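Please open the model in a viewer and keep the selection tool at hand. The tour moves from stop to stop, saying what to select and what is found there.

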Amino acid sequence: MADLGPVVRSDHYPLEAPGLWVERIGSSVFAAGTPALFLDRDGTINVDSGYPSDPADIVLRPQMLPVIRTANIVGVPAIVVSNQSGIARGYFGWPEFAAVNARLLTLLKAQNCRIDLVLACAYHSSGTGELAAGDHPMRKPNPGMLLRACDLLGVDISRSIIVGDKADDMEAGRRAGLCEGWLVNGRSNRTSGEGMFRTRSLTTDNDHSKLCEAIAGLGRD
């Protein structure tokens, strides 16, 4: 496993920079070159309640539980990559994010689902001070969070998958060089861009079954 490198801790939170949260969860070891499952958070793992800042508001989307379990079973790291512009906008701060993040991980653990790494980007053009950034490399659709996770865990980005509910999630995957993305409640099943990144629809139970099969295949490669 790659060295996690220096982390600047602010108020005991794992911040690599004022607007970048990087938290390693657990101690699972992954062989170099293992592909990863990248997951958006709000609207993908949990119901999107709109800039969630209260742990009591976090409700898991049950469709995603078998997806995360499959990754855990076959030894594929499950990595959360989440834009959190609510912090830059002043709606809440890192303490509230930390509480929501902890609640999410607790709910997932109760369902035998493990997340291995959490990255969150607070930079946004509507922010103020050091969080004000119009096109920060870590904010999706830019690929910075995915590439940083690749460096940390030594994963094979070219065989990795991203799941998200927005076009920005898919674009971040394409720019990072992933093989495919699954768009929650999306209608796209198309191949685009250099590297032939494929966007697939994730709407029906059958779609979720196919995604689990794809993740299981990553573990067998």
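Select I115 and show what surrounds this residue. Leaving out neighbours within four places in sequence, I115 is in contact with I25, L39, I45, I68, A78, V80, L105 and L108. This is a predicted model. I115 belongs to the largest nonpolar core, which has 70 residues. Together with F38 and V163, I115 is among the residues with the most contacts inside that core. Helix 3 gives the largest share of this core, 8 residues.

**Aromatic rings**

Stay with helix 3 and select F97, then add W21. Which parts of the chain does this pair tie together? W21 lies in strand 3 (residues 20-24) and F97 in helix 3, so the pair links parts that are 76 residues apart in sequence. The two rings are edge-to-face, with 4.9 Å from centre to centre and 70° between the planes. Both residues are buried: W21 has a relative accessibility of 3%, and F97 has a relative accessible area of 2%. Now add Y13 and W94, which form one aromatic cluster with W21 and F97. Over the whole structure, a search finds 5 aromatic pairs.

**A buried glycine**

Select G19 next, in the loop between strand 2 (13-17) and strand 3. Is G19 buried or exposed? Its relative accessibility is 0%, so G19 counts as buried. Apart from neighbours within four places in sequence, G19 is in contact with W94, A120, C121, A122, Y123 and L131. W94 was selected at the previous stop as part of the aromatic cluster. For a sense of scale, draw a distance from G19 to I45: the C-alpha atoms are 22 Å apart in space, and the residues are 26 apart in sequence.

**Helix 4**

Select helix 4 (144-153). Of its 10 residues, 8 are buried, so helix 4 is largely enclosed by the rest of the structure. The buried residues are G144, M145, L146, R148, A149, C150, L152 and L153. Just after the helix comes G154, which has a positive phi near 65°.

Within helix 4, pick out M145. M145 is buried, with a relative accessible area of 0%. Setting aside neighbours within four places in sequence, M145 is in contact with L20, V81, S82, N83, L119, A120, C121, M138 and K140. D54 makes a distant reference point: its C-alpha is 24 Å from that of M145, and the two residues are 91 apart in sequence.

**From S82 to a cis peptide bond**

One of the contacts of M145 is S82, so select S82 now. S82 is in strand 5. With a relative accessibility of 2%, S82 counts as buried. Not counting residues up to four places away in sequence, S82 touches D40, R41, L119, A120, C121, K140 and M145.

Move on to K140, which is in contact with both S82 and M145. The peptide bond from K140 to P141 is cis, with omega near 20°. P141 is in the loop between strand 6 (117-121) and helix 4.

**The largest pocket**

Select D42, D48, N83, S85 and K166. Of the 17 residues lining the largest pocket, these are the closest to its centre. The volume of this pocket is about 340 Å³. What kinds of residue make up the lining? The lining holds 3 nonpolar, 5 polar and 9 charged residues. Strand 5 (78-83), helix 2 (85-88) and helix 5 (167-176) are the elements that give two or more residues to it.

**Two exposed asparagines**

Finish with two residues in loops. Select N112, in the loop between helix 3 (94-110) and strand 6. Phi of N112 is near 60°, a positive value in a residue other than glycine. N112 counts as exposed, at 63% relative accessibility.

Then select N185, in the loop between strand 8 (180-184) and strand 9 (190-192). N185 is not a glycine, yet its phi is positive, at about 60°. N185 is exposed, with a relative accessible area of 57%.

Definitions and conventions
Residues numbered from 1 in each chain as written. Predicted model: local features only at pLDDT ≥ 70, side-chain atom pairs only at ≥ 80, totals over all residues. Heavy atoms only, no water. 1 Å grid on protein atoms, 1.4 Å probe; cavity = no way out; pocket = protein on both sides within 12 Å on 5 of 7 lines; lining within 4 Å. Points joined across faces, edges and corners; volume = space filled by probe spheres on them. Helix = DSSP H or I, 4+ residues; strand = E, 2+ residues; numbered from the N terminus. Nonpolar A, V, L, I, M, F, W, Y, C, P; charged D, E, K, R; others polar. Buried < 20%, exposed > 50% of the residue type's maximum accessible area, 1.4 Å probe, protein only. Contact = heavy atoms within 4.5 Å. Core = buried A, V, L, I, M, F, W, Y, C linked by side-chain atoms within 4.5 Å. Phe/Tyr/Trp six-rings, centres within 6.5 Å; stacked < 30°, edge-to-face > 60°.
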